[in-house]
Amino acid sequence: MTSAQTVPGVTTATPRAARRGAPKGGNPANAGWLTKVVLIIVCFLWVVPTFGLLVTSFRPLDDANNTGWWTIFSSPVAYLQNFTFSNYTEALQKAHLNIAFVNSIAIALPATFIPLLIAAFAAYAFTFMEFPGRNFLFLAVVSLLIVPNYVAFVPILSVYKNLGLTGFPTVWLAHIGFGMSLAIYILRNYMGTLPKTVIESAKIDGASHYQTFFRLVLPMSVPALASFAIFQFLWVWNDLLVALVFIGPGENAPITVAVKNNLIGQAGAGWNLVTAGGFLSMIVPIIVFLSMQRFFVRGLTAGAVKG
Amino acid sequence: MGAKIVTTIITVLIGVGAAFVLYWVLNKLAEVLPSRWEGRLKPYFYILPAYAAITLYLIYPAIQTMVYSFKDSSSTSWVGWDNYTNLLKQHGFQQTLINTLLWMLIVPAVTVALGLGVAVLADRLTPRGEQTAKTLVFMPMAISFVGAGTIWRFIYAYRPEGQPQIGLQNAIVTAFGGQPIPWLEQNQFHINSLFLMIMLLWAQVGFSMVLLSAAIKGVPIDTLEAARIDGANERQIFFSVMVPQIWGTIMTVFVTTLIAVMKIFDIVFVMTNGAFNTNVLGNEFFNQLFTNFNNGAAAAIVVMLMVATIPIMAYQVRHFRNEEAMG
């Protein structure tokens, strides 16, 4: 999400799969050879760039600099025996990506969980509590969804300077602020689909709002929570701009900033190191993505649907 | 390294712990109040931290940025509309605006079209084939633009003629006997911007495909069958039966991508930093702020972006109200 880039479910839409009763592979028009060929070409085009990076990241400097990565297919024996892990060790140690990797985790985890908790409380209030100004305040969230976060940089930098705030909390707080509208929006839409009767009977049994929230609503909202958590984690991990503005290069820099400054920005770094660094920066989001894809997709599609 | 990891874990725990403590305290605070007030104030206590964050990081800065846009480079004295007029009369900035506009015109529409195409085709595969195809196309969404920058350098890389080409595109061109081309320097008709847009499409089409695919599967099968029995061909079925039913999702993808494109920064920053006439507003903002140290110009650029998003904002609010009214 890419910076990440994009914001899912900004407008409500997407009907839930209504075709559940239909036979498997529901669409009666089955794949002809043309469909298959087109899809194979598309998948090939989508995968080749990343594959080239992966191959290059194992090649020594001379090979990477002097021959295209695809030459390993024309003379595999000559090039494959040169394959090495040293690009990775060098990128981790000399370009300080090891520290940057830890920094990225230190930035991304709190910047994912804190806004999730804050937004869940707000979404609960919007869904299950009556209070004056409720609709207006929620509409404000909807309209703020698209305010570009560029507005924050100059004013917040001077706020931080006045307060003397530095390091990880500066980006945590920024990501809490930037992710908040979307989080409230997604979670409220999801909580709106929960059965009201369950919550009301909990109230009759004497449960407080606080108890209902933690024991009932949070566990029931896991699909939406997971979906936003994955999205926000990818967004924060992949973010370059916010980290560049508030943290910058140096000992607290996350891996995106380190790859940009220590590798891409350094003419002498060598293509082999750039690729190893690039791959190191992607490995966590790709694992998160592949292992949680189901949750992510479900949240993207169903999370934005009202019941 | 060990100490670094330990301090990191402690910082993370303190940060997350503080958030929990905050709500515990807020809740206790509400419970101390007389019960009449407790019921009235509790909702506000629950939304307070969220709105504090939104106010501090969006509303206050938005107002402050508007103020800064009428002040000089160090935000000390008022300069009226100078920041705007100075920017708008520069040829470079006009080109930046044109580039941004091109991104907005091309990327969202192509994202929807490609995503829809892949979704429709993949829908005809076996469930396993569909899953595989979708995963491969969706995966770039997990990759940062810094990562994408390292990947795509191997597509666009250029070496002078005679040297071995390590960029895929030039390798193909020279294999067919052509001259190698420095792709990212080709700025006639903004072609190099197009090459950068391809990177965003690569990252974004999967997102579009996933949403549209879910929408397609939500189209009741009997409406398609009915059209087929009435003698409609596949193209007619697609455009007159399917597209109208998934129009809401198409607009969702379009608007979401449009917003992302207006703010695009990383791709341009990593690949060219705006050189060869590929600059966009996001990158120009960053350079005004951190290269020229011109707060006023940077703020003016953000205000232009904000103004440009107002129509989308109005659309969002109206759309949301309609949805609420229907529900």
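**Exercises: two chains and their helices**

The domain assignment of chain B, which is automatic or taken from a database, gives domain 1 (2-68) and domain 2 (82-326). Keep in mind that this is a predicted model, where local features need pLDDT of at least 70, side-chain atom pairs count only at pLDDT 80 or more, and totals for chains, interfaces and linings use all residues. Residues are numbered from 1 along each chain as its sequence is written, while chains are lettered from A and ligands numbered from 1 in the order in which they are written.

**Exercise 1.** Find how many residues each domain of chain B gives to their contact.

*Solution.* Start with the centres: taken over C-alpha atoms, they sit 35 Å apart. Next, count residues in contact (C-beta atoms, placed from the backbone, within 7 Å): domain 1 of chain B gives four and domain 2 of chain B gives six.

**Exercise 2.** Work out how H9(A) and H2(B) are oriented to each other.

*Solution.* First, locate them: H9 is residues 168-191 of chain A, and H2 is residues 35-68 of chain B. Helices here are DSSP runs (H or I, at least four residues), numbered from the N terminus. Then take the axes, lines fitted to C-alpha atoms over the stretch in contact, with angles from 0 to 180 degrees between N-to-C directions. These axes come within 8 Å and cross at roughly 120°. Now sort the angle: under 35 degrees is roughly parallel, over 145 roughly antiparallel, 65 to 115 roughly perpendicular, and the rest oblique. So H9(A) and H2(B) are oblique to each other.

Conventions: Helices (H or I, at least four residues) and strands (E, at least two) are DSSP runs, numbered from the N terminus. Two residues are in contact if their C-beta atoms, placed from the backbone, lie within 7 Å.
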